[in-house]
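Trainee: Please take a close look at a single helix and its surroundings. Which side faces in, and what covers that side?

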Amino acid sequence: MLAQDIYNFREELSTRNTLFAYSGMVSENLLHSLGSAVKQQMELKNADGKVARRVFSVFVEQVQNVIRYSDEKHWLSDTITDRLSSGVVAFGHENDRFFVICGNPLPAAEAAKLSERLQLISTMDEDTLRKYYRTKLREDPEEQSEGGSIGLLEIARRATEPLEFDFYDIDDGRKFFVLKAFV
Amino acid sequence: MTYDAPYTVEATPRSPEIHLDPTSRTLGISGESYPEDASAFYGPVFQEVKGFLNARKGELFTANIRFVYFNSSSAKAIMNLFQMLEEAAEGGHSIVINWYYDPDDDMMEEMGEDFAEDFEHATFNLTPEGTVA
């Protein structure tokens with residue numbers, strides 16, 4: 001039963017074109033390790049250098065967003081690098097495109113702001129995104145943001161298709177946020 | 001501080017090598033940049049360069065920048081560093097920034113173009129280079 005059960009779980013991920021998936025505490029150390037895995041998997045698939053650079057950039061920004069904005073956080077110490085944030089990270093390949101999926105819980109109020117931000121970004125073409133990024137780079141970081149307000153713009157710029165995002169109601173008025181980007 | 005000793009930060013897999021050479025008045029930054037905490041990483045570099053320029057006014061100061069990759073938090077920190085260099089140039093320093101990039105890397109080329117827009121007093125050169133880092 002155990003082996004069949006886990007095999008089925010593996011098959012389910014495979015059906016979803018997943019190269020790897022992680023659910024649990026996400027940290028900067030984990031980002032580094034998973035980032036290496038992303039690079040290796042792309043090498044294995046002989047990904048073009050330009051594509052590989054874009055995918056890696058999307059991956060880093062996505063995972064760092066989980067680390068920063070998940071509202072389930074634990075601290076091993078009070079330094080920023082010792083923070084563990086609950087979330088989901090998946091990397092896959094379908095129809096000759098790579099994708100990065102990240103998800104994390106967050107308060108409803110934050111979800112509303114994020115949704116607005118993503119809707120605005122989704123209306124922008126490549127050139128507008130570049131100009132907006134340029135403007136944001138020169139602004140002081142927004143409240144509660146570790147200079148990461150331009151992270152979403154970076155993801156949108158590097159993605160080759162419109163970003164997919166969704167929010168799911170969980171407990172106590174919180175939402176589970178998922179962002180999927182194709183390169 | 002007299003700023004007459006070289007200042008070096010060794011590269012790690014996720015942070016660039018930094019080298020400030022007081023003799024040649026050259027700052028070198030090269031590698032990948034997605035440190036765990038970008039402001040904590042670049043803060044001391046910023047202070048060192050600023051302190052050096054304050055203490056050692058005079059001849060040409062050159063920054064040679066060779067990035068393979070940097071994340072958005074690093075981009076903010078790099079922007080701050082460049083703004084400080086531009087202010088120093090406005091204040092009378094002679095400053096040249098050389099932005100080297102792999103000609104195949106359109107991301108680093110575009111970022112260089114975007115940074116270049118801010119410079120009026122310092123000179124910013126975009127230079128494609130065969131092999132970066």
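Helix 5 of chain A

Mentor: Start with the outer face. Turned away from the buried side of helix 5 of chain A are the exposed residues Asp127(A), Thr128(A), Lys131(A), Thr135(A) and Arg138(A). A residue is exposed if 12 or fewer other C-beta atoms lie within 10 Å of its own, buried if 20 or more do, and partly exposed in between; C-beta atoms are placed from the backbone. Helices are DSSP runs of H or I with at least four residues, numbered from the N terminus.

This is a predicted model: local features need pLDDT of at least 70, side-chain atom pairs count only at pLDDT 80 or more, and totals for chains, interfaces and linings use all residues. Residues are numbered from 1 along each chain as its sequence is written, while chains are lettered from A and ligands numbered from 1 in the order in which they are written.

Now the inner face. Tyr133(A), Lys136(A) and Leu137(A) are the buried residues of helix 5 of chain A. They cover an arc of only 100° around the axis, so they sit on the same side of the helix. The arc is taken over the directions from the helix axis to the C-beta atoms. An α-helix has 3.6 residues a turn, so residues three or four places apart point the same way.

The cover includes helix 6 of chain A and helix 2 (72-90) of chain B.

Widen the view to the interface. In contact (C-beta atoms, placed from the backbone, within 7 Å) are 22 residues of chain A and 19 residues of chain B. Helix 5 (126-138) is among the elements giving two or more residues to chain A's side. Helix 3 of chain A gives the most, 8 residues.

Conventions. Two residues are in contact if their C-beta atoms, placed from the backbone, lie within 7 Å.
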